[in-house]
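These are my notebook entries on a structure that I went through with a few plain questions in mind. I wrote down each look-up as I made it.

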Amino acid sequence: MENILELQQVSKTFSKSNFTLDHVSFSLPYGSIMGFVGENGAGKTTTIGCILNTIAKDAGAVKLFGKEMLDTDTDIREKIGVVYDGDNFPGHWTAEQLSKVMQGFYTNWDDALFCKYLKDFQLTPRQRIKHYSRGMTMKLAIAAALSHHPQLLILDEATSGLDPIMRDEMLDVFLDFVQEEDHSILLSSHITSDLEKVADYITFIHNGRLIMTVSKNDLVYHYAVMRCKESQFLALERNDIIAYRKRDFQIDVLVADGKEAQRKYKDVVVDHVSLDEIMLLLVKGERV
Amino acid sequence: MKGLLRNNIYGTLSNAKVFAGFMILYGIFGVAVISQSVQIGYVMIGIIGFSVSAIIVAKNEFTTKWGKYKLTLPVRRADIVKSQFLNQVIWLLAGSCFVGIELGLSWLFHGCLFDQPIDILTLFALAISMSLFMGAIFFPLFYAGGEEKGEVFWMIAILCAFGIDYTIVTILNSMLEPGITCILCGAAALIVSSLAAFGVSYMVTIRIFMHREY
């Protein structure tokens, strides 16, 4: 058993909105962080809903810790920490009350650890959550998700409300969390710079379809974008092209191996590519 | 279940504290004046009011992501429903205690203000029955019809509960001769029918909630 989370051909259709999550498959190995990237409405939250059983999938399988999680599998949910975007907890509670409630849910709830996080994140335990700033509520949610010693963290846009300094702090917390070999994180975000810092794998989703899952090292060291003129583009082998996008006077072409492309097409400029640019090319460009 | 009950109690407390403040003032007034109408109002408002505070918790959970978040916690969906029904019973009992204390004090100072003491039993039966019917109607509607329509559903639930109890009482009054038997049968019918509805509603709500998506 080497994957903490596996999705096999997961599908879900919402007839009212006409959105379909279309046969999504990926796996998250133990000890790693997977960035789950896609534009708003791409299907990230629906996928997470299918993983956590808040949404019933139409087809496919989701395995957590090697097992399909049913409603009765509370022992599996003991090992998962979740953070949603926005207000996770009732506003009239205090962090202290939240801890008391959580103690009743989790057998492994660690009040001392929760208090430590509150202190580290500079959160006041007796202040009502509705008086917290957005950043503070997100930090509280992260503290709550970590304080029952989970093995898997599922974070749905958990860093989106935080300023760059807070985000950096949280990313350090996530990196610290995956120091344990059996800990993993699925981090859905459209802030690609965060994922560039911490993720081991990146999964791209667009319009309910999984475009690709790739290791970040591959993306950083191998993927590249070729800046082609029309004539240069026409001369490219189709197999080398992952996606391309026509701009005013050039065509940007995403390739899986920049060095090989440079060797093969000597007169074309080959640049390093950021996650943002990859996302733009995959979403707005055309795929071959 | 402990976490769910704590969650519901904390949720209800914020509303119930305000309502309890109002009931204390109303109770002081009720003890101070000699009025059967005030006592009837106190029993009905007290028991039903605390029950409303309890069912509103379910609605409030969906103004944040907490309602969805709870599904990711180590609890079964059936337990979430069970805790909400239990919470309503807990607050119904709390309301009954509140009302009982006020009636007791009033009796202590002024004697029984009702035509006969057994009328108090009928009044309690009516208020408890209305509260149970209200919960029995609210929860399945709430989960089947959508959390965003919570306010409308609890108003519908109160009106329907009143309508059902009124119908039961009217039928029994037409069938039985006035007297102690009629009063006792009426009270029993109200309690038994509302408990049965509460039980059936509990099972129906679980079935509905098992298929809800968030």
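**Entry 1: the interface**

I began with the area buried between chain A and chain B, which comes to about 2,700 Å², with carbon and sulfur atoms giving 62% of it. I then asked which three residues supply the most of what chain A buries against chain B, and found Thr54(A), Asp71(A) and Phe105(A), which together account for 24% of that area. I note here that I am working from a predicted model, so these values are computed from its atoms. For the contact itself I listed 34 residues from chain A and 25 residues from chain B.

I also looked for charged pairs across the interface, and the count between chain A and chain B is 1 salt bridge. As for a salt bridge that joins the chains, I found Lys12(A) paired with Glu213(B), where the closest N and O atoms lie 2.6 Å apart.

**Entry 2: cysteines**

How many disulfides does a search of the whole structure find? I recorded 0 over all chains. For Cys112(B), which is in no disulfide, I looked up the nearest cysteine sulfur and found that it belongs to Cys182(B), 19 Å away; a disulfide would need the two sulfur atoms within 2.5 Å.

I next checked how far two of the cysteines are covered. Cys112(B) has a relative accessible area of 27% and is therefore partly exposed, whereas Cys50(A) counts as buried because its relative accessibility is 1%.

**Entry 3: helix H4 of chain B and the nonpolar patch**

On the surface I found a nonpolar patch formed by Met1(B), Ile9(B), Leu13(B), Leu86(B) and Ile90(B), which together have about 330 Å² of accessible area. I asked which helices supply at least two residues each to the patch, and noted helix H1 (2-32) and helix H4 (77-110) of chain B.

I then followed two residues of helix H4 of chain B, namely Ile90(B) and Asn87(B). Is each of them buried or partly exposed? Ile90(B) counts as partly exposed because its relative accessibility is 33%, while Asn87(B), with a relative accessible area of 1%, is therefore buried.

Finally I looked up what Asn87(B) touches, leaving out residues up to four places away in sequence, and wrote down Asn8(B), Ile9(B), Thr12(B), Ala54(B) and Val57(B). Ile9(B) thus appears twice in this entry, as a residue that Asn87(B) touches and as one of the residues of the nonpolar patch.

Key
Residues numbered from 1 in each chain as written. Chains lettered and ligands numbered in written order. Predicted model: local features only at pLDDT ≥ 70, side-chain atom pairs only at ≥ 80, totals over all residues. Heavy atoms only, no water. Patch = residues over 30% accessible without salt bridge, like charges linked within 9 Å, V, L, I, M, F, W, Y side chains within 5 Å. Areas by Shrake-Rupley, 256 points an atom, 1.4 Å probe, with all protein chains shown as cover. Salt bridge = Lys/Arg side-chain N within 4 Å of Asp/Glu carboxyl O. Helix = DSSP H or I, 4+ residues; strand = E, 2+ residues; numbered from the N terminus. Buried < 20%, exposed > 50% of the residue type's maximum accessible area, 1.4 Å probe, protein only. Contact = heavy atoms within 4.5 Å. Buried area = accessible area lost by both parts, 1.4 Å probe.
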